[in-house]
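Hi everyone, thanks for squeezing me in. Let me put the structure up so we can walk through a few spots together.

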Amino acid sequence: MLGIAVSEVQKRGGGSRRDANPEHFKAFSQGQKKAYQKYFAPIGPEQIHLQILATLPEYQRRGHASSLCRWAMELVCQEGLKDMSVMASPMGYELYKSLGWDVVGTFWIQVPGEEEKLVLRAMMYKPPKLEGSSDSEEEVQVANGRCAIV
């Protein structure tokens, strides 16, 4: 799958971009897997893990990513899942923070032999609970347009 991603980026004129470098893709993929195991794998399958969310530059800042995240956050509630998780890039961090996600850890991805590092944050969204609810109850309700497990 890594080769396909690199080929697609190169076809679209990204061969000279640093993020299209195969070594960077490899380091990113390995770093993501390691961080997932540390922060999210212990939770088990009762979560949605957002792998990659990207918007073409000409469509950014129009609410598309926020809408997709809100839809998935509602799905977490409706399906009775524990949470939703993501490895947030510096740009993505601001989006998830604005939607009420919490940082559960920070990690760095670095290509061996290079000084530059990419700082990512492991972030988690946990469904809000309505006042007076307990963990043992499983009914899902919508309050003020937001899901909550009550």
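I'll talk about one serine, then some aromatic rings, and finish with two arginines.

Before anything else, keep in mind that what you're looking at is a predicted model.

Okay, let's start with Ser 85. Find strand E2, which covers residues 83-88, and you'll find Ser 85 in that strand. So is Ser 85 buried or exposed? Its relative accessibility comes out at 0%, so Ser 85 counts as buried. Its side chain has a polar partner, too: there's a polar contact with the side chain of His 49, at 2.7 Å. And who else does Ser 85 touch, if we leave aside its neighbours within four places in sequence? The list is Phe 40, Gln 47, Ile 48, His 49, Leu 50, Trp 101, Met 123 and Met 124. Hang on to Phe 40 and Trp 101 from that list, since both come back in a moment.

Right, on to the rings. How many aromatic pairs does the structure hold? There are 5 of them. One is Tyr 36 with Phe 40, a tilted pair, 6.1 Å from centre to centre with 55° between the planes. The two partners sit in different surroundings, if you look at the numbers: Tyr 36 is partly exposed, with a relative accessible area of 25%, while Phe 40 is buried at 0%. Another tilted pair is Tyr 96 with Trp 101, where the centres are 5.0 Å apart and the planes make an angle of 45°. Here Tyr 96 is buried, with a relative accessible area of 4%, and Trp 101 counts as buried as well, at 5%.

Some rings also join up into a cluster. Which residues are in it? Ring pairs link Tyr 36, Tyr 39, Phe 40 and Phe 107. So that's Phe 40 again, the residue in contact with Ser 85.

Last stop, the arginines. Arg 121 lies over the face of Tyr 93, and the distance to the ring centre is 3.9 Å. The other one is Arg 61, and you can look for it in the loop between strand E1 (47-50) and helix H3 (64-78). Is Arg 61 buried or exposed? With a relative accessible area of 84%, Arg 61 is exposed. Its backbone is worth a glance as well: Arg 61 has a positive phi of about 65°, although it is not a glycine.

That's my tour, so shout if you'd like to go back to any of those spots.

How values were computed: Residues are numbered from 1 along each chain as its sequence is written. This is a predicted model: local features need pLDDT of at least 70, side-chain atom pairs count only at pLDDT 80 or more; totals for chains, interfaces and linings use all residues. Side-chain values use heavy atoms; hydrogens and water are left out. Helices (H or I, at least four residues) and strands (E, at least two) are DSSP runs, numbered from the N terminus. Buried means under 20% relative accessible area, exposed over 50%, partly exposed in between (1.4 Å probe, protein chains only). A polar contact is a pair of N or O atoms within 3.5 Å; within protein, one must be able to donate a hydrogen and the other to accept it, and residues adjacent in sequence count only if both atoms are side-chain atoms. Contact means heavy atoms within 4.5 Å. Rings of Phe, Tyr and Trp (its six-membered ring) pair if their centres lie within 6.5 Å; planes under 30 degrees apart count as stacked, over 60 as edge-to-face and the rest as tilted. A charge sits over a ring if NZ of Lys or CZ of Arg is within 6 Å of the ring centre and within 35 degrees of the ring normal.
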